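I opened the notebook today to go through one model step by step. My entries follow in the order I looked things up.

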Amino acid sequence: GFFSCLEQHLTAQNLSFHRKLRASAAALDLPESKIPVKVSPVLTSPCLFGLWRPTIYMTPGCVDNEQTRRHVLTHELTHLHHGDHIWSWVRCLCLCIYWFNPLVWIAASLSRRDCELACDEAALKKLGEGERLTYGKTLLDMVSSVPAPGQLLETATAMHETKKQLKERMRCIVKKPKVFLTAAIVLLLVLTIVTGCAFSGAATRSATDPSDSTQPTTDPPPTTETM
């Protein structure tokens, strides 16, 4: 069914991305990073990729500019600190299981957006408030392609956004937005889905389990005692 096709697409898409990185990436010596950093010419934007052995992958343009490299490294290390490489897999699994529910797709999209906004704010706390505008410019320079149709099934933290979307994100950086409202909406959607599934499961069991049905009771006939 569609679940199987979606699961196969998820696996194939991420395996293909992994093979491309493995064939093209070269190690980069950055002592300030606690995880491996590599540079790959096949990337359209930097990313954090890998569940068991997460690695930061940079584009050649990141490496050539010291400020850009520092911004990108801080951003991706913040993703690592937040566990976003793990949450990306959780989102993908939820999409594969509840592919039929549009609320799950909306929640996944909002969750991905909030991960980036939260990462931006945390990264700027490390970089300093004075680098808000230069950090925003770095983000604008890092995106050069239109998002792929299946980007929600990507487990890498790549910045697949259009220029327009990224400009809106940069305005959010300047205005220091609060992401708690969107996070609350996502949580509410997830709770609604889980609660609905629990109640529907309970109703199904009640309808199919004969032991749950109430049988009418009749009083036993009166007995007459023989004297």
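A definition for my own use later on: a crossing of two helices is left-handed if the near helix is turned anticlockwise from the far one by less than a right angle, and right-handed if the turn is clockwise. I also remind myself that this is a predicted model.

**Entry: the pair α3 and α5**

I began with helix α3, residues 66–82, and its partner α5. Two packed helices are described by the angle between their axes and by the distance between those axes. Here I read that the axes come within 9 Å and cross at roughly 120°. That angle makes α3 oblique to α5, because roughly perpendicular covers 65 to 115 degrees and roughly antiparallel needs over 145. With the definition above in hand, I looked up the handedness, and the crossing of α3 and α5 is right-handed.

I then picked a residue to go with this pair. A123 has its place in helix α5. How far is A123 from H75, C-alpha to C-alpha? I found 5.5 Å in space, with their positions 48 residues apart in sequence. A123 counts as buried, because its relative accessibility is 0% and the cut-off is under 20%.

**Entry: α5 from start to end**

I stayed with helix α5, which runs over residues 102–127. Does its length come out as expected, or not, was my next thought. The 26 residues should span 38 Å at 1.5 Å a residue, and the end C-alpha atoms are 38 Å apart, so the two agree.

What sits at the start of α5? A side-chain oxygen of N101 reaches to within 2.9 Å of the backbone nitrogen of L103. Just after α5, I noted that G128 takes a positive phi of about 110°.

**Entry: R132 and E129**

A little further along I stopped at R132, which lies in helix α6, residues 132–142. Is R132 buried or exposed? R132 counts as buried, since its relative accessibility is 7%. I also wrote down a polar contact of 2.7 Å between the side chain of R132 and the side chain of E129.

E129 came up again when I turned to V174. V174 lies in helix α7, and its C-alpha is 9.8 Å from that of E129, with the two residues 45 apart in sequence. V174 counts as partly exposed because its relative accessibility is 45%.

**Entry: another residue of α7**

M170 is also found in helix α7, which covers residues 163–175. At 23% relative accessibility, M170 counts as partly exposed. I looked up its separation from Y135 and got 8.7 Å between C-alpha atoms, for residues 35 apart along the chain.

**Entry: Q13 and T155**

Next I went to helix α1, residues 2–24, where Q13 has its place. Q13 is buried, because its relative accessible area is 19% and buried means under 20%. The C-alpha atoms of Q13 and T155 are separated by 9.4 Å, while the residues are 142 apart along the chain.

**Entry: T55**

For a strand, I chose β4, residues 55–58, where T55 lies. T55 counts as buried, given a relative accessibility of 8%. Which atom does the side chain of T55 reach at 3.3 Å? I noted the backbone oxygen of R53.

**Entry: cysteines**

How many disulfides are there? Taking a pair of cysteine sulfur atoms within 2.5 Å as the rule, I get a count of zero. C94 is in no disulfide, and its nearest cysteine sulfur, that of C92, is 9.4 Å away. C94 counts as partly exposed because its relative accessibility is 33%. I looked at C62 as well: C62 is buried, with a relative accessible area of 0%.

**Entry: the whole chain**

I closed with the overall picture. The protein has eight helices and four strands. Read along the sequence, the pattern is α-β-β-β-β-α-α-α-α-α-α-α. Of the 227 residues of the protein, 39% count as buried.

Definitions and conventions:
Residues numbered from 1 in each chain as written. Predicted model: local features only at pLDDT ≥ 70, side-chain atom pairs only at ≥ 80, totals over all residues. Heavy atoms only, no water. Helix = DSSP H or I, 4+ residues; strand = E, 2+ residues; numbered from the N terminus. Buried < 20%, exposed > 50% of the residue type's maximum accessible area, 1.4 Å probe, protein only. Polar contact = N/O pair within 3.5 Å; in protein donor to acceptor, adjacent residues only side chain to side chain. Expected span 1.5 Å × (residues − 1). Axes fitted to C-alpha atoms, helices over the stretch in contact; angles between N-to-C directions. Parallel < 35°, antiparallel > 145°, perpendicular 65-115°, else oblique.
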